[in-house]
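Q: Could you take me through the reading of a fold, one feature at a time, giving the general idea before the particular case?

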Amino acid sequence: MAATFRLLQGKAGNGAVALNVAETQRKLVVAGSVTEVLDAIAGHAGPLNGVAASTALRQLAVLHRGGSMRWARDPAYSVLQRELCRLLPKETGRVAATVLWAQATLRAADRRVTALACEVVCRAQLKPQEVSIAAWAVGTLSFEFPGFWPSVAVAADAAGLRLAANKFSSQNLSNLVWAVAAARALDPGPPGAAAALGPAAPARVSSVASAGSPQAGAGPGAQQLVAWVGDCVRGRPEEFSTRECANVLWALARVQHADEPAFRALGECSVPKLLDWPGRDLANAMWAFWAAQVEGGRQFVAAGEEALEASGFHRLDDQHLVAISGIMSRWRSARPAACAQLAVEARRRLAAPAEASEGAVRPGRAAHADPIGRVSAGRNAPAEAAQGCGSTRRHGGGGSPVTHGGVRAQPTGPGAVRRSPDTPWLSAYNVGSSVFHSTAKAARAEARAEVVRLGGALVAGVPGAEVGDLMDLVRGCAEVAAWSQEDHGG
């Protein structure tokens with residue numbers, strides 16, 4: 001009798017715990033702020049289950065509005081991290097993918113939690129969206145986990161065979177190939193076409209100790225994954241949105257996977273609609289065709305120049321304005337009107353740096369939307385990934401925009417004007433000198449008057465410029481001086 005009573009008492013206790021978890025889950029789902037999420041965790045009696053813990057972390061990621069994460073010092077957040085470490089080894093791929101997504105969206109990762117989630121992903125049978133979310137998160141975090149990319153490639157292939165490849169949406173495919181490029185899991189080799197120019201990979205989390213280096217041994221799995229995505233893209237190019245198309249093209253070029261059929265399929269579908277493309281997506285796609293050196297690349301870039309010429313270069317942020325001018329100088333095939341408009345736009349930004357671009361994106365990193373779409377529980381993810389700040393520095397004609405950290409060199413000497421590296425004027429001068437150098441190399445006779453005007457505006461601002469910008473100004477002036485030699489046959 002006593003044993004029966006204890007058994008019934010245990011079952012009743014389990015029921016109370018289940019009710020408690022269900023009530024906590026309800027509070028988490030309806031929470032409207034980070035504070036409410038933390039209060040729900042703190043008020044929970046007993047251990048959480050995997051779904052509740054992953055929901056709590058997901059809600060923190062959705063409700064965090066950027067800026068300081070002081071709330072991460074709250075004891076409730078520490079409790080959540082400990083619970084995740086306890087629960088993850090026995091959880092499903094869906095829970096693990098949700099945890100990875102939340103950490104990538106917060107741009108802050110606990111190394112142990114991330115590693116445990118990666119381990120689950122590597123052995124779980126995943127659905128297409130879960131494969132996509134996990135890859136995107138690890139790519140964003142640039143987190144190293146042995147065997148992750150080969151496992152993702154196998155999981156994607158297995159899910160494609162199990163459910164048919166068309167169950168992978170265009171967004172899923174875009175996320176996968178973007179993640180490989182962002183994580184640099186596929187070593188692009190020595191500096192070449194793709195390494196020479198182009199928007200940098202989207203921002204990665206610097207707090208992860210292992211960030212910033214390619215994953216050892218990830219090459220074959222990453223190559224398999226990229227090739228698999230290319231095969232899927234070829235048969236369904238019309239399904240890709242503007243952003244997805246630009247992300248796929250950028251990623252394929254970034255890892256030097258010159259899949260000509262995929263480029264051709266996406267290009268043929270895109271060209272008739274380029275006039276309606278957002279400026280940054282168009283710039284990324286143009287760079288991809290240039291960097292991959294695929295057949296039809298020149299035609300796509302020419303079509304992109306024509307679209308920008310018709311709609312205006314003001315649509316581009318600073319980094320992409322520099323990238324487009326670099327492409328023009330490298331191929332020396334710029335349309336005269338497009339080249340002239342580039343110079344006019346750079347001069348306008350120099351005159352009014354506070355109104356630099358409609359996107360108001362400061363130079364330094366490529367502008368990429370968070371490609372995750374919806375998380376597993378159906379809540380909308382933030383529309384944009386957090387953008388980094390910095391300054392664009394282009395090395396040589398059409399070189400890659402590079403983010404410089406720390407304080408940049410300031411001019412000294414009589415008459416020198418010391419300006420903060422973060423002033424809009426200095427950023428605008430940086431862009432203007434880069435565009436001047438590039439357009440001076442690419443300009444034909446019809447566009448040279450505007451290029452000279454841009455050079456004059458830059459010369460007027462020499463006292464406040466930095467050394468690197470002055471070098472570009474001198475190179476541009478040398479190109480201008482060479483025009484007369486070309487016009488007179490040497």
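Q: Among contacts in the protein chain between residues at least 6 apart in sequence, what percentage join residues at least 24 apart?

A: A word of care comes before the value: this is a predicted model. Once pairs less than 6 apart in sequence are set aside, 79% of the remaining contacts in the protein chain join residues at least 24 apart.

Q: How many helices and strands does the protein chain have, and what share of its residues count as buried?

A: The protein chain has two strands and 20 helices. Of its 490 residues, 54% count as buried.

Q: How should I read a pair of packed helices, and at what angle do α5 and α6 cross?

A: One can take the axes, then the handedness, then the residues that touch. Helix α5, residues 93-106, and helix α6, residues 111-123, cross at roughly 140°, and their axes come within 9 Å; the crossing is left-handed. On the α5 side the contact is made by G93, A96, V99, L100 and Q103, and on the α6 side by V113, T114, A117, C118, V120 and V121. By character, the residues of this contact divide into eight nonpolar and three polar, with no charged residue.

Q: At what angle do α15 and α17 pack, and why are they described as oblique to each other?

A: Helix α15, residues 297-311, and helix α17, residues 336-351, pack at an angle of about 55° with their axes 9 Å apart. Angles under 35 degrees count as roughly parallel and those from 65 to 115 as roughly perpendicular, and α15 and α17 are therefore oblique to each other. Their crossing is left-handed, and the contact is made by E305, L308 and E309 of α15 together with A337, A338 and Q341 of α17. These residues divide into three nonpolar, one polar and two charged.

Q: How many disulfides does the structure hold, and why is C118 without a bond to C122?

A: The idea is to check the distance between sulfur atoms, for which a disulfide needs a pair within 2.5 Å. The structure holds zero disulfides. For C118, which also belongs to the contact of α5 with α6, the closest cysteine sulfur is that of C122, and because it lies 6.5 Å away it is too far for a bond. C269 is likewise unpaired because the closest cysteine sulfur, in C245, is 8.0 Å from its own, too far for a bond.

Q: Are C118 and C269 buried or partly exposed?

A: C118 counts as buried, because its relative accessibility is 0%, whereas C269, with a relative accessible area of 26%, is partly exposed.

Terms used:
Residues numbered from 1 in each chain as written. Predicted model: local features only at pLDDT ≥ 70, side-chain atom pairs only at ≥ 80, totals over all residues. Heavy atoms only, no water. Axes fitted to C-alpha atoms, helices over the stretch in contact; angles between N-to-C directions. Helix = DSSP H or I, 4+ residues; strand = E, 2+ residues; numbered from the N terminus. Parallel < 35°, antiparallel > 145°, perpendicular 65-115°, else oblique. Left-handed = near helix turned anticlockwise from the far one by under 90°. Contact = heavy atoms within 4.5 Å. Nonpolar A, V, L, I, M, F, W, Y, C, P; charged D, E, K, R; others polar. Buried < 20%, exposed > 50% of the residue type's maximum accessible area, 1.4 Å probe, protein only.
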